[in-house]
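Biologist: Before we discuss particular regions, please show me the model and take me through its architecture.

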Amino acid sequence: MRDQTFEDLLGLRIIDEVRLSKDGDLIGAIVSENFRDYRKKEQRKEVYLFDRNFKIIAKYEGYGLHSLCFTPAGSVLFAEGKDIVSLKGDGLPLKYSTGIKVNSVSFFGGKIIFTGEKEDKKGSDDAYFFEEEDRFTDLYRIDESGIVRLTQDLQIWEFASADDAVYAIASDCPQESCWYKSKVFRITADGKQELIYDPGRRQIGKITAHGTRIAFLESVMSDRGVISGDVILYDGSIRNITDGSNISYSHVVLQGDSIYVLGNDKTTFSIMDLSNKREIWSGFGIVYPAYSPSFDTANGSFVVPFSPPTDPPEIYRIDDGISKSSLNSHLADIAAYPAEIVEWRSSDGEDIYGILRVRNPEDPLIVYVHGGPTSFSYASFIDRTSIYLGYGFSVFAPNYRGSVGKGRRFAELNVGDLGGMDFEDILSGIDHLKRSGKIRTERIYITGGSYGGYMSALAVMKTDIFKASVSLFGISDWISFHGTSNLYLWDRLHMDADPWDFDKYDRYSPIRIKHDPKTPILLMHGIRDPYVPIGQYYEFYRFLKEKGCEVRMLVFPREGHGFTEKDHIKRQYLETIKFMKDHS
């Protein structure tokens with residue numbers, strides 16, 4: 001077996017969505033490349049229609065394909081730009097052009113319904129009033145008369161159809177930040193809207209419906225689409241049916257009398273039926289998509305895209321036995337690296353967990369800090385951390401307080417303390433690895449993106465234990481972040497403070513901390529990042545440069561919050577590995 005390389009990572013096929021037909025005989029999947037081509041806005045994707053033995057019945061290729069579902073007749077339906085495409089069993093696609101940018105597709109009352117956003121057509125005078133002219137994403141129905149708009153002045157983020165209504169997670173303003181104050185609405189066929197549930201300071205997602213019941217997930221969450229929390233059931237009244245659980249729930253499906261859920265217990269995933277407390281399947285690794293794991297079920301069968309540390313990602317079908325696809329069989333000749341769960345007690349007594357991947361305890365250690373913070377690190381066959389072992393490093397990925405995998409209480413523990421005890425969890429985890437002998441090296445580095453970028457920027461201002469830091473698209477100044485990010489509600493909720501009181505925002509900002517920084521740092525940022533604007537690193541670069549700290553900044557054109565063009569991903573890894581090895 002040969003070592004993993006970043007070329008192997010680029011060859012990984014990502015399983016974005018899986019669905020089962022109503023009878024359970026057909027499997028639909030959307031599979032994407034792990035990068036974008038130069039100057040392309042979207043990743044190239046493929047929609048597959050498989051039989052139950054993963055024989056390909058039909059396939060469709062394109063860019064930006066998403067929102068997969070089955071029609072009652074057994075065709076696969078999905079969105080492509082302004083089109084809704086039906087991939088039939090004879091391999092001939094049918095397209096319906098909506099003239100509207102389609103976000104998601106489903107059925108209600110036998111009719112296709114979808115959400116979408118009409119695009120403005122402006123001429124040479126394309127000036128606009130900030131936040132005053134943003135378009136709502138509306139709910140539409142396609143019937144004999146054409147396209148009928150069902151909602152107005154309501155931003156639809158997600159929806160699910162029940163017997164007599166559509167239930168939507170929605171907000172009364174259309175900006176990205178408005179997702180953080182979404183509520184559940186009931187929308188009838190004639191467009192009447194009724195507020196069903198307001199989660200207050202928490203966020204909601206993964207809504208599902210069956211008959212007269214709906215369910216969704218609720219927790220403090222940091223990113224739209226990165227969904228995990230407790231299971232909330234509505235059947236005329238609202239109740240939390242997993243209250244107090246030490247498991248994080250990442251997906252829920254209502255079917256018949258059953259409430260099927262995907263539980264995450266320190267990255268051991270289980271499909272369970274909460275109605276009769278029955279476990280159907282379990283595995284240690286990662287369920288895809290990694291940021292928001294999911295599965296589907298129909299007629300007693302289940303499909304789940306999964307990768308343990310020992311095997312590449314595939315679609316697993318679970319019924320009388322377990323079978324799987326061969327989408328990533330081309331990766332079978334590369335090495336699988338060891339992975340273990342490590343647990344330790346932080347300085348205040350809180351129990352923390354993380355992933356450790358070590359071949360030799362004397363190898364230099366990369367501490368990889370995940371983003372979010374309400375996300376998690378996991379152990380898969382190949383991902384953006386595992387490949388470092390092929391270049392001579394060990395990897396430690398702490399799931400600090402505020403992470404997913406230990407229930408809602410744990411996920412909400414760092415609210416009001418961003419960069420406080422969650423950062424201490426990382427330091428205490430490193431101490432644990434040293435004391436236990438799991439690592440025997442002082443060559444320790446830190447890296448991460450987004451919130452992980454913030455933590456790896458914070459590291460150079462709070463400690464000198466790291467040989468170097470590679471910090472990606474993180475926050476350096478919470479006040480200027482609040483003023484320029486399109487997620488201005490996110491920091492208010494997670495910081496649990498008014499930014500214009502300044503005190504807490506200043507205390508947690510790396511550039512405000514009184515410390516003489518000695519750790520060399522490489523900053524990387526995408527120039528088009530709307531979530532964490534690049535000004536955060538321009539500020540931090542200038543601050544560190546004028547402090548006499550060793551700092552470099554690599555800027556990626558055309559990139560947003562994360563690097564997705566093929567050559568940019570290569571450059572990120574080459575520069576990261578070189579910077580760390582240059583500071584050994």
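Modeller: This is a predicted model. The protein contains nine helices and 37 strands.

Biologist: What radius of gyration does the protein have, and what would a compact globule have with 584 residues?
Modeller: The C-alpha trace spans about 70 × 55 × 50 Å along the principal axes of the protein. With 584 residues, a compact globule would have a radius of gyration near 25 Å, and the value for the protein agrees with this: 24 Å.

Biologist: What percentage of the residues in the protein is buried?
Modeller: Among contacts with a separation of 6 or more, 56% are between residues 24 or more positions apart. A residue counts as buried when its relative accessible area is under 20%. Of the 584 residues in the protein, the buried share is 62%.

Biologist: Which helix gives the most residues to the largest nonpolar core?
Modeller: The largest nonpolar core has 72 residues, and those with the most contacts inside it are Val-367, Phe-396, Trp-478, Trp-490 and Phe-540. With eight residues, the element that gives the most to this core is helix 4.

Biologist: Which residues does the separate second core include?
Modeller: In soluble globular proteins, nonpolar side chains tend to be buried together. Here a second core, separate from the largest one, has 33 residues. Its members include Phe-393, Tyr-445, Phe-473 and Phe-563.

Biologist: Which residues does Phe-396 touch, beyond those up to four places away in sequence?
Modeller: Phe-396 belongs to the residues with the most contacts inside the largest core. With residues up to four places away in sequence left out, Phe-396 touches Val-342, Trp-344, Ile-355, Leu-356, Leu-365, Ile-366, Val-367, Tyr-368, Ile-426, Gly-429, Ile-430 and Leu-433.

Biologist: Are helix 3 and helix 4 roughly parallel or roughly perpendicular to each other?
Modeller: Helix 3 covers residues 421–436 and helix 4 residues 451–462; their axes are 11 Å apart and the packing angle is about 75°. Angles of 65 to 115 degrees count as roughly perpendicular. The relation of helix 3 to helix 4 is therefore roughly perpendicular.

Biologist: How do the residues of the contact of helix 3 with helix 4 divide into nonpolar, polar and charged?
Modeller: Helix 3 contributes Asp-422, Phe-423 and Ile-426, while helix 4 contributes Tyr-451, Met-455, Leu-458, Ala-459 and Lys-462. By class, the residues of this contact are six nonpolar, no polar and two charged.

Biologist: Which residues of helix 6 are buried?
Modeller: Helix 6 is mostly covered, with six of its eight residues buried. The cover over those residues includes strand 17, helix 4, helix 5 (478–484) and helix 7 (503–507). Just after helix 6, Asp-496 adopts a positive phi of about 55°. The buried residues are Leu-489, Trp-490, Asp-491, Leu-493, His-494 and Met-495.

Biologist: With which residues is His-494 in contact, leaving aside its neighbours within four places in sequence?
Modeller: His-494 is placed in helix 6, residues 488–495. Its relative accessibility is 1%, so His-494 counts as buried. Outside its sequence neighbours, the contacts of His-494 are Val-220, Met-221, Ser-222, Pro-373, Asn-414, Val-415, Gly-416, Asp-417 and Leu-418.

Biologist: What is omega for the cis peptide bond that joins Gly-372 and Pro-373?
Modeller: Pro-373 is in contact with His-494. Pro-373 lies in the loop between strand 32 (365–369) and strand 33 (394–399). For the cis bond from Gly-372 to Pro-373, omega is about 15°.

Biologist: And where is Pro-289, which follows Tyr-288 through a cis peptide bond?
Modeller: The Tyr-288 to Pro-289 bond is cis, with omega near -10°. The location of Pro-289 is the loop between strand 25 (286–287) and strand 26 (296–298).

Biologist: Is Ser-67 buried or exposed?
Modeller: Ser-67 lies in strand 5, residues 66–70. Although Ser-67 is not a glycine, its phi is positive, about 65°. With a relative accessible area of 12%, Ser-67 is buried.

Biologist: What is phi of Lys-206?
Modeller: Lys-206 is located in strand 17, residues 203–210. Its relative accessibility is 12%, so Lys-206 counts as buried. Phi of Lys-206, a residue other than glycine, is positive, near 60°.

Definitions and conventions: Residues numbered from 1 in each chain as written. Predicted model: local features only at pLDDT ≥ 70, side-chain atom pairs only at ≥ 80, totals over all residues. Heavy atoms only, no water. Axes fitted to C-alpha atoms, helices over the stretch in contact; angles between N-to-C directions. Helix = DSSP H or I, 4+ residues; strand = E, 2+ residues; numbered from the N terminus. Parallel < 35°, antiparallel > 145°, perpendicular 65-115°, else oblique. Contact = heavy atoms within 4.5 Å. Nonpolar A, V, L, I, M, F, W, Y, C, P; charged D, E, K, R; others polar. Core = buried A, V, L, I, M, F, W, Y, C linked by side-chain atoms within 4.5 Å. Buried < 20%, exposed > 50% of the residue type's maximum accessible area, 1.4 Å probe, protein only. Rg over C-alpha atoms; globule rule 2.2 N^0.38 Å.
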